[in-house]
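Me: I'm new to this structure and would like a close look at one strand and the neighbours it pairs with. Could you also tell me about the cysteines afterwards?

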Amino acid sequence: TAYQSLTDALNTAALLKGKAVAVTLVSSADVEKDPNILADYCAIVIAPGFGVRGFEGKVAAAKYARENNVPCLMIGLGAQAGLVEFARDVCHMTGATSQEFEQNTPYPVVRFVEPNMLKKGAFPSMITAGTYLNKIYGDTTARERHRHRFDFNGQYEQMFLKNGLVFAAHSPTGVPEAFEIPTHKFFIGTIYNPEYRSRLLYTHPLFAEFVKVAATEASKQAKHKQDDAECP
């Protein structure tokens, strides 16, 4: 089943908190045509993947979540899309994209892993103290599973920071591993795959926090609907 590890991680996180989640798979092609189809969801996960097909739909989903303050967890290619969207629409870096799709892009905010090969397996990640990610992990170090050929480009770190996005985790050599927008309810992207560490009796802290925030949003939406129904 597509994205089984991701849906399992969400369900496990919910069950361990005594809750349940309703996971709906939405085609990124449909989101690209009309991002407002996401309006009924209390939280959004932009999933990993490979290849250019559907990428602009993932970018559109990230834009919708960022602009509407909808909790959003982005993983792998989904996180690439979130960073590309921020570069284009907030930093005004016209033509920004991943080198996976355009090697000679003027703003390669996502670049080839050096050397260009698959980065696969468990690697340490250093989490920046004081960030939301630091609060979620409760630590400044983690060991995360990777499976990708592309990295966030640290060359633009100061540009992103100036515009409100923080690279909240780095590899021991300084390569960015995760980002967040501190002013957002939950807008976090990771190049690594936290869902691979989720187990039946253990939920990854990122999924635990995401489900917690999503549940709060769901309660707010339900209350608003109830208030609207009671209005004369």
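Reply: Let's begin with one pair of residues: Ala178 stands opposite Thr190 in S10. Residues are counted from 1 along each chain as its sequence is written. Keep in mind that this model is predicted, so local features need pLDDT of at least 70 and side-chain atom pairs pLDDT 80 or more, while totals for chains, interfaces and linings use all residues, and side-chain values rest on heavy atoms, without hydrogens or water.

The strand to look at is S9, residues 176–180. Strands here are DSSP runs of E with at least two residues, numbered from the N terminus. Five of the five residues of S9 are buried, so the strand is largely enclosed by the rest of the structure. Buried means under 20% relative accessible area, exposed over 50%, and partly exposed in between, with a 1.4 Å probe and protein chains only.

Now for the neighbours of S9. Two strands pair if DSSP finds at least two bridges between them. One partner is strand S8, residues 166–170, which runs antiparallel to S9 and is joined to it by four bridges. Among the bridged residues, Val166 has Glu180 of S9 as its partner. The hairpin of S8 and S9 has five residues between the strands, and there Gly174 takes a positive phi near 95°.

Another partner is strand S10, residues 187–190, again antiparallel to S9, with three bridges between the two. The link from S9 to S10 is a hairpin through six residues, and the pair we started with, Ala178 and Thr190, belongs to this side of the picture.

As for the cysteines, a search of the whole structure finds zero disulfides, where a disulfide is a pair of cysteine sulfur atoms within 2.5 Å. Take Cys42: the nearest cysteine sulfur, that of Cys72, is 12 Å away, and Cys42 is in no disulfide. Cys42 counts as partly exposed because its relative accessibility is 23%.

Cys91 also has Cys72 as its closest cysteine, but the two sulfurs are 17 Å apart, which is too far for a bond. With a relative accessibility of 10%, Cys91 counts as buried.
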